[in-house]
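Please open the model in your viewer and keep a selection panel at hand. The tour below moves from one selection to the next and says what is found at each stop.

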Amino acid sequence: MPETSALRVEVPRKLKPLLFPKRYKGAYGGRGGAKSHFFAEQVLVRCYRQTTRAVCIREVQDSIRDSVRQLLIDKIQKLGLGSFFQTFESEIRGANGSLIIFKGMQSYNAETIKSLEAYDIAWVEEAQTLSQRSLDLLRPTIRREGSELWFSWNPRYKTDPVDKFFRKNPPAEAISVMLNWRDNPWFPDVLRKDMMNDFAEDESKAHHIWDGAYGSSEGAILSRWVNEAEREGRINDTVTFDSNGPRIDVSSDLGFRDTASWWYWQRRAGGFAVLEYEGDSGMDADDWIPKIQENVLRLTGGRQAMIWLPTDAKVKTFQSKHSSVEKFLTAFGHDSVAIVPPSKKGDQISAARTVIKRCEFNKTRCDEGLDGLLAWEFEWNDDNNVFSREPLHNWASHPGDAYAYGSQVMQEHVVETKEKAQARQFMAGEHAMDSSITMDDLWKIHDQQVNRRARI
């Protein structure tokens, strides 16, 4: 057994900040960054140097095989601590009274979680799957003086509780480090070959696996193209309304006592600018109409907007004596409200995947909506063990549907680009001597012609 003072553990330079005391420590990124190896070694070092109780946690642990137990056993041998630690089926014990156990958070409730109150370290592996309930139970439970909570994870969605905790608005006593294979000086050649093959086969998927990019599920609908837009610089804060361009289109998804989502678009030469996203729940048409009017005024300085409502807006989707359509028609006028033409969900998704390749997004104003597009995914079919062709109905389906409806409308304009150019040339020539006709008037005339078949 090595002397305490002689025990040395090498760590990637980027992880050095995690060696100092901190209440919350996080390490996240893609495969091959040595996150799990780092925390496994640090648990053993801490238990070896002083009597420590540590619990290694996953959200779901159906058996001990799901835990990090084997990783810890391998590290014990690597560090030459085999004579100090005793390994058992469900725990590891140190000669100085240290104890390491393995638990799944889903097995705990408000009463049973109290059994962890005397523990010094809680290490949550695969923390991207940790639920908000589990995080809320765990944080106040690990309460001993000097106790720490460690989290290692591969980013999945911005909305995952661990991501929001560390990366959106972390508390003062939290520190997190992102590291990938590039930061690991011991990155093995066998993984390097796997990585190169993954990038050659599916670059977007490889960016998630190896670079820690958001979006992971094989059933993801748009995350690949959102990440692509991010890499290409098409998500930034320079995307604003062009006063020389056409008016704004607003696409929506509405639901009775449900979340409503709104995307604000402007057509551009060769593509589309997505200026803003807004979504909320518990609001009806009377609440949304003034908000949309205010948003359009703020974005455009007073130009009109074209409001696109989903097909089911013809029924009473909000709690109201009148349909959503009637209320929007009254507020915006018959020339500024239309129903998205009926189509199959597969065609809507196809339109979204086509149009997103030509979109630029305002990073700040579309942030929550982009989170939804990253998380939008097909529903898993347990009977057939495959993803279905219908999106899962959850919070992400609202921004996803609203974006797909807007893409369907935008795709109409892509198809009719030549017709639009001819119409503009004709109208410009017809009204060339009329100084009262503005470019906005010409766009309005064109929009009325293009959208006529969708009128109510």
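**Salt bridges across the chain**

Begin by selecting Glu-230, which is partly exposed with a relative accessible area of 40%, where buried means under 20% relative accessible area, exposed over 50% and partly exposed in between (1.4 Å probe, protein chains only). Before going further, note that this is a predicted model, in which local features need pLDDT of at least 70 and side-chain atom pairs count only at pLDDT 80 or more, while totals for chains, interfaces and linings use all residues. Residues are numbered from 1 along each chain as its sequence is written, and side-chain values use heavy atoms, with hydrogens and water left out.

Now add Lys-363, which forms a salt bridge with Glu-230, the closest N and O atoms being 3.6 Å apart; a salt bridge here is a side-chain nitrogen of Lys or Arg within 4 Å of a carboxyl oxygen of Asp or Glu. Lys-363 sits in the loop between β15 (359–362) and α11 (367–375), and Glu-230 in helix α7 (residues 223–231), so the pair ties together parts that are 133 residues apart in sequence. Helices (H or I, at least four residues) and strands (E, at least two) are DSSP runs, numbered from the N terminus. Like its partner, Lys-363 is partly exposed, at 34%.

The structure holds 21 salt bridges, and two further pairs are worth displaying. In one of them the side chains of Glu-91 and Arg-93 meet at 2.6 Å, N to O; Glu-91 counts as buried at 18% relative accessibility, whereas Arg-93 counts as partly exposed at 36%. In the other, Arg-156 and Asp-160 meet at 2.9 Å, N to O, with Arg-156 partly exposed at 25% and Asp-160 buried at 5%.

**Where α1 meets α2**

Next, select helix α1 (residues 35–49) and helix α2 (residues 69–78), which pack at an angle of about 65 degrees with their axes 9 Å apart. The axes are lines fitted to C-alpha atoms, for helices over the stretch in contact, and angles run from 0 to 180 degrees between N-to-C directions. That angle makes α1 roughly perpendicular to α2, a label that covers 65 to 115 degrees, with under 35 counted as roughly parallel, over 145 as roughly antiparallel and the rest as oblique.

To see the contact itself (heavy atoms within 4.5 Å), show Ser-36, His-37, Ala-40, Glu-41 and Leu-44 of α1 together with Leu-71, Leu-72, Lys-75, Ile-76 and Lys-78 of α2. Keep Glu-41, Lys-75 and Lys-78 on screen, since salt bridges that share partners join them into one network.

**Backbone stops**

Step back to Ala-34, in the loop between β1 (24–28) and α1, where phi is near 70 degrees, a positive value in a residue other than glycine. Ala-34 counts as buried, at 15% relative accessibility. Then move to Glu-126, in the loop between β6 (121–125) and α3 (132–141), whose phi is near 55 degrees and which is partly exposed at 30%. Most residues other than glycine have a negative phi.

**Helix α9**

Finally, select helix α9 (residues 324–332), whose buried residues are Ser-324, Val-325, Lys-327, Phe-328, Leu-329 and Phe-332. What covers these buried residues includes β11 (259–268), α8 (285–300), β13 (305–309) and β14 (337–339). Just after α9, end at Gly-333, which takes a positive phi of about 100 degrees.
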